[in-house]
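The following exercises train the reader to describe a protein model from its coordinates. Please study the sequence and the structure before attempting each task.

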Amino acid sequence: MGYALLAGAIAAEVAATTAMKYSEGFSRLWPSLITVTGYVIAFALLAQTLKTVQIGTAYAIWSGAGTAVIAAIGMIFLGEGLSLAKVGGIVLVIGGVALLNLGGAH
């Protein structure tokens, strides 16, 4: 159940971060409300996740997956450029999460 809650936390964080882009510095009401609500949900679900999943593992997955998904959203939907450095960074983030899960965070 912990990993299902973690997936929900990641989804809420990704939605909140994406909405933040459209909030124009919190000057637009609906994207701003989605941002705040998304982060509240993300942290609430992350807190519940930590009841059953180790903090190092949970945070590594949460931050790594969120970073990778937001970078992909930026490149695919928001017109951000794709570069070898971005791809390399995403690969390193995913690799770091995998390494923590293989033994570093357990």
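The exercises below concern this predicted model, and each is followed by a worked solution.

**Exercise 1. Overall description**

Task: State how many helices and strands the protein has, and describe its extent and surface.

Solution:
- Step 1. Count the secondary structure elements: there are four helices and zero strands. Along the sequence, the pattern reads α-α-α-α.
- Step 2. Consider the extent: along the principal axes, the C-alpha atoms fill a box of roughly 45 × 35 × 15 Å.
- Step 3. Consider the surface: the accessible surface is about 6400 Å², and carbon and sulfur atoms account for 75% of that area. Of the 106 residues in the protein, 30% are buried.
- Step 4. Consider the contacts between residues at least 6 apart in sequence: 63% of these join residues at least 24 apart.

**Exercise 2. Helix H3**

Task: Compare the span of helix H3 with its expected value, and list the buried residues of this helix.

Solution:
- Step 1. Helix H3 covers residues 55-77, which is 23 residues.
- Step 2. From the first C-alpha to the last, H3 reaches 32 Å, close to the 33 Å expected at 1.5 Å a residue.
- Step 3. The buried residues of H3 are Thr 57, Ala 58, Ala 60, Ile 61, Trp 62, Gly 64, Gly 66, Ala 68, Ile 73, Gly 74 and Met 75.
- Step 4. Just after the helix, Gly 79 adopts a positive phi of about 75°.

**Exercise 3. The nonpolar core**

Task: Identify the largest nonpolar core and the element that gives the most to this core.

Solution:
- Step 1. The largest nonpolar core has twelve residues: Leu 6, Ala 9, Ile 10, Val 14, Leu 46, Val 53, Ala 58, Ala 60, Ile 61, Trp 62, Ile 73 and Val 97.
- Step 2. H1 and H3 are the elements that give two or more residues to this core.
- Step 3. The greatest contribution comes from H3, with five residues.
- Step 4. Take Ile 61 as an example. Leaving aside residues up to four places away in sequence, Ile 61 touches Tyr 3, Leu 6, Ile 10, Gly 66, Val 97 and Asn 101.

**Exercise 4. Met 75 and Met 20**

Task: Decide whether Met 75 and Met 20 are buried or partly exposed, and describe their surroundings.

Solution:
- Step 1. Met 75 belongs to helix H3. Its relative accessible area is 18%, so Met 75 is buried, because the cut-off for a buried residue is under 20%.
- Step 2. Not counting residues up to four places away in sequence, Met 75 touches Glu 80, Gly 81, Leu 82, Lys 86 and Ile 90. Met 75 and Lys 86 are eleven residues apart in sequence, with their C-alpha atoms 9.6 Å apart.
- Step 3. Met 20 lies in helix H1 (residues 2-22). At 35% relative accessibility, Met 20 is partly exposed.
- Step 4. Together with Phe 26, Val 36 and Val 40, Met 20 makes a nonpolar surface patch of about 370 Å².

**Exercise 5. A salt bridge**

Task: Which residue forms a salt bridge with Lys 86, and how accessible are the two partners?

Solution:
- Step 1. The partner of Lys 86 is Glu 80, and their closest N and O atoms are 3.7 Å apart. This distance satisfies the cut-off, since a salt bridge requires such atoms within 4 Å.
- Step 2. The count for the protein comes to one salt bridge.
- Step 3. Lys 86 has a relative accessible area of 34% and is therefore partly exposed. Glu 80, at 39% relative accessibility, also counts as partly exposed.

Key
Residues numbered from 1 in each chain as written. Predicted model: local features only at pLDDT ≥ 70, side-chain atom pairs only at ≥ 80, totals over all residues. Heavy atoms only, no water. Patch = residues over 30% accessible without salt bridge, like charges linked within 9 Å, V, L, I, M, F, W, Y side chains within 5 Å. Areas by Shrake-Rupley, 256 points an atom, 1.4 Å probe, with all protein chains shown as cover. Salt bridge = Lys/Arg side-chain N within 4 Å of Asp/Glu carboxyl O. Buried < 20%, exposed > 50% of the residue type's maximum accessible area, 1.4 Å probe, protein only. Contact = heavy atoms within 4.5 Å. Expected span 1.5 Å × (residues − 1). Core = buried A, V, L, I, M, F, W, Y, C linked by side-chain atoms within 4.5 Å.
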